[in-house]
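Got the viewer open? Let's walk through the model, one selection after the next.

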Amino acid sequence: MTFATRPAIFSAFAVALAAIVLAAAPARTAPAQPQARSADEVLTKDAVLRDADNPVLGNPQGDITIVEYFDYQCPFCKKISPVLDQVIAEDKKVRLVLKDWPILGEPSGYAARLVLAAKYQNKYEPAHRALIGKVGRLTEAVIDDTLAQAGVDVAKAKADLATNKATIDALLRRNTDQAEAFGFRGTPAFVVGTFRVPGGLTAEQFKLAIADARKAAKDGAKGK
């Protein structure tokens with residue numbers, strides 16, 4: 001499945017779109033590691049849009065998917081979160097897939113793992129919203145306290161994380177492999193339908209990207 005750059009209907013984004021290059025993930029040479037997969041293997045439609053282990057907000061049965069690669073310490077991710085909330089509130093046919101890509105230090109990885117573990121107590125969404133809305137530097141203590149204030153049983157989340165560590169780590173590895181294969185250089189990074197788009201869109205610009213994705217999907221269905 002090929003993920004194209006979004007048609008540059010905004011002239012201001014032409015350079016940003018041209019800079020997003022599809023590339024294979026860097027090879028890993030450690031003997032204990034399996035051979036790195038090619039971009040074609042990593043960037044399948046199901047892997048990017050339908051990985052069942054990634055949390056989904058909005059309409060799980062929506063006709064168009066927005067995928068966000070994000071980091072809880074990324075200020076731009078925090079800034080765009082309410083924009084995404086507006087998009088999924090106003091378009092009831094959009095599913096938002098949240099893919100942790102913790103690239104900004106150890107607190108990012110700790111936050112990603114603990115929030116993903118919160119799903120085992122049905123607290124993923126409040127945990128995610130609490131941390132994506134948290135202003136300031138994250139530490140393990142700040143993360144624990146923020147999640148506790150959001151109603152998460154932090155002790156249970158840590159126990160669930162220990163029990164499900166292999167599953168959660170594998171998910172984060174898949175997310176990272178995809179982000180690298182897409183050639184993304186930082187967070188947030190997005191896929192809308194089968195288009196890669198720049199990270200700094202407004203709600204109206206997301207809506208235009210969604211319209212393009214719907215049209216592409218419709219045209220593709222007609223061509224079958």
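Start on helix α10 (helices are DSSP runs of H or I, at least four residues, and strands runs of E, at least two, numbered from the N terminus) and pick Lys215, which is exposed at 52% relative accessibility; exposed is over 50%, buried under 20%, partly exposed in between, with a 1.4 Å probe and protein chains only. This is a predicted model, where local features need pLDDT of at least 70, side-chain atom pairs count only at pLDDT 80 or more, and totals for chains, interfaces and linings use all residues. Residues are numbered from 1 along each chain as its sequence is written, and side-chain values use heavy atoms, with hydrogens and water left out.

Now add Asp219: its side chain meets Lys215 in a salt bridge at 2.9 Å, N to O (a Lys or Arg side-chain nitrogen within 4 Å of an Asp or Glu carboxyl oxygen). The two sit four residues apart in α10, about one turn of the helix, and Asp219 is partly exposed at 38%.

Next, select Lys207 and Glu90, whose closest N and O atoms are 2.4 Å apart in another salt bridge. This one ties helix α10 (203–223) to helix α4 (75–90), across 117 residues.

Then jump to Asp53 and Arg174, bridged at 3.1 Å. Add Asp51 to see a network of salt bridges linking Asp51, Asp53 and Arg174.

Finally, go inside. The largest nonpolar core (buried Ala, Val, Leu, Ile, Met, Phe, Trp, Tyr and Cys joined through side-chain atoms within 4.5 Å) has 47 residues, with Ile66 and Phe206 among those touching the most other members. Helix α5 (106–117) gives the most to this core, seven residues.
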